[in-house]
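These are my notes on one protein chain, taken while going through its fold, its disulfides and a few chosen residues.

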Amino acid sequence: MRRIGSAMVATAAVAVATTAVSGAAHAATSAPHDTAGATVESQVAGLLKYNKGAKRIAADKVDLGQGAVVTVHPDSAVSPAVSVSLCSFRHGDAVGWLCLYQNDNWGGENLDLTVCTNVNLSTKYMSNGRPWNDQISSIDNDQTSNVTSVFYNYDGSGDPNSSSNWQVLLRLPAGHYLRDLSKDKSLSNPPGGYANDKIDIVHVC
């Protein structure tokens, strides 16, 4: 009886250990998904909070108005550099989008513009409440052909909405991209300098 009892205890212990391991494995498997979902919700909440009039138009998309749309990714704040821009992927077969990225090589948060107008980036906010001006490090111009986007730096004096106070940093035709603005020379401010984290105004098309 003693030996049978010991065997039963050992069997029970193995069953408990197996259940514990299985439970831990399930928790490890489900945790990243839960964390990713929580991160998306947190970033969406931030975008809605800091951008007055913003609307959630999909589980992972927020319309900031003026033709500006943000697609939220679970790791968008810390995402590693990827080989290709997801500009076209985010909008399906639709063209006509100018996609701006917080970090080089399409990393960090994104801001996609589609309306042909001048956009003052200080009026658009990231999920952490930081304005988009002086934040852009890579660009993908996925607009229709024969369109050129122009990027400006506000010179710091006078009306920021007056083009007389802007300096041209870059011109980027449709179908072109810039992966790292710390290596792409700007046209001015200062001449021969770089456009990374300097863009304040965007002439979309």
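What is the handedness of the disulfide of cysteine 87 and cysteine 99, and why? I looked up the torsion about the S-S bond of this pair and found about 70°, so the disulfide is right-handed. I keep in mind that the model is predicted.

**Entry 1: cysteine 87 and cysteine 99.** I noted an S to S distance of 1.9 Å for this link. I then placed the two ends: cysteine 87 belongs to helix α2 (residues 87-90) and cysteine 99 to strand β4, so the bond ties together parts that are twelve residues apart in sequence. For cover, I looked up the relative accessibility of each end. Cysteine 87 has 1% and counts as buried because the cut-off is under 20%. Cysteine 99, at 0%, counts as buried too.

**Entry 2: the other link.** The structure holds two disulfides, and I turned to the one that joins cysteine 116 to cysteine 205, with S to S at 1.7 Å. The angle about its S-S bond is -100°, and I recorded the link as left-handed. Cysteine 116 sits in the loop between β5 (110-113) and β6 (118-120), and cysteine 205 in the segment after β11 (201-203), so this pair ties together parts that are 89 residues apart in sequence. I found cysteine 116 at 56% relative accessibility, which means that this residue counts as exposed. Counting bonded cysteines along the chain, I wrote the pattern down as 1-2, 3-4.

**Entry 3: strand β7.** Cysteine 99 led me on to this strand, as cysteine 99 stands opposite aspartate 140 in β7. Strand β4 (residues 97-101) pairs with β7 in the antiparallel sense, over five bridges. I also found an antiparallel pairing of β7 with strand β10 (residues 177-178), over two bridges. Here the bridge partner of aspartate 140 is tyrosine 177 in β10.

Are the faces of β7 covered or open? I checked both sides. In a regular strand, side chains alternate between the two faces of the sheet. On one side of β7 I listed Ser138, Asp140 and Asp142, on the other Ile139 and Asn141, and all are buried. For the strand as a whole (residues 138-142), I noted five of its five residues as buried.

**Entry 4: aspartate 200.** I located aspartate 200 in the loop between β10 and β11. Which side chain of opposite charge is nearest to aspartate 200? I found lysine 198, 10 Å away; aspartate 200 has no salt bridge, yet is buried. Leaving out residues up to four places away in sequence, I listed what aspartate 200 touches: Val119, Asn120, Leu121, Ser122, Asn133, Asp134, Tyr152, Asn153 and Tyr154.

**Entry 5: the chain as a whole.** I counted two helices and eleven strands in the protein chain. Along the sequence, their order reads α-β-β-β-α-β-β-β-β-β-β-β-β. Of the 205 residues, I have 40% down as buried. Among contacts between residues at least 6 apart in sequence, 57% join residues at least 24 apart. For the accessible surface of the protein chain I wrote down about 10,800 Å², with 58% of that belonging to carbon and sulfur atoms.

Key. Residues are numbered from 1 along each chain as its sequence is written. This is a predicted model: local features need pLDDT of at least 70, side-chain atom pairs count only at pLDDT 80 or more; totals for chains, interfaces and linings use all residues. Side-chain values use heavy atoms; hydrogens and water are left out. Buried means under 20% relative accessible area, exposed over 50%, partly exposed in between (1.4 Å probe, protein chains only). Helices (H or I, at least four residues) and strands (E, at least two) are DSSP runs, numbered from the N terminus. Two strands pair if DSSP finds at least two bridges between them. Contact means heavy atoms within 4.5 Å. Accessible areas come from the Shrake-Rupley method with a 1.4 Å probe; for residues, only the protein chains shown count as cover. A disulfide is a pair of cysteine sulfur atoms within 2.5 Å. Lys and Arg count as positive and Asp and Glu as negative; His and the chain ends are not counted. A salt bridge is a side-chain nitrogen of Lys or Arg within 4 Å of a carboxyl oxygen of Asp or Glu.
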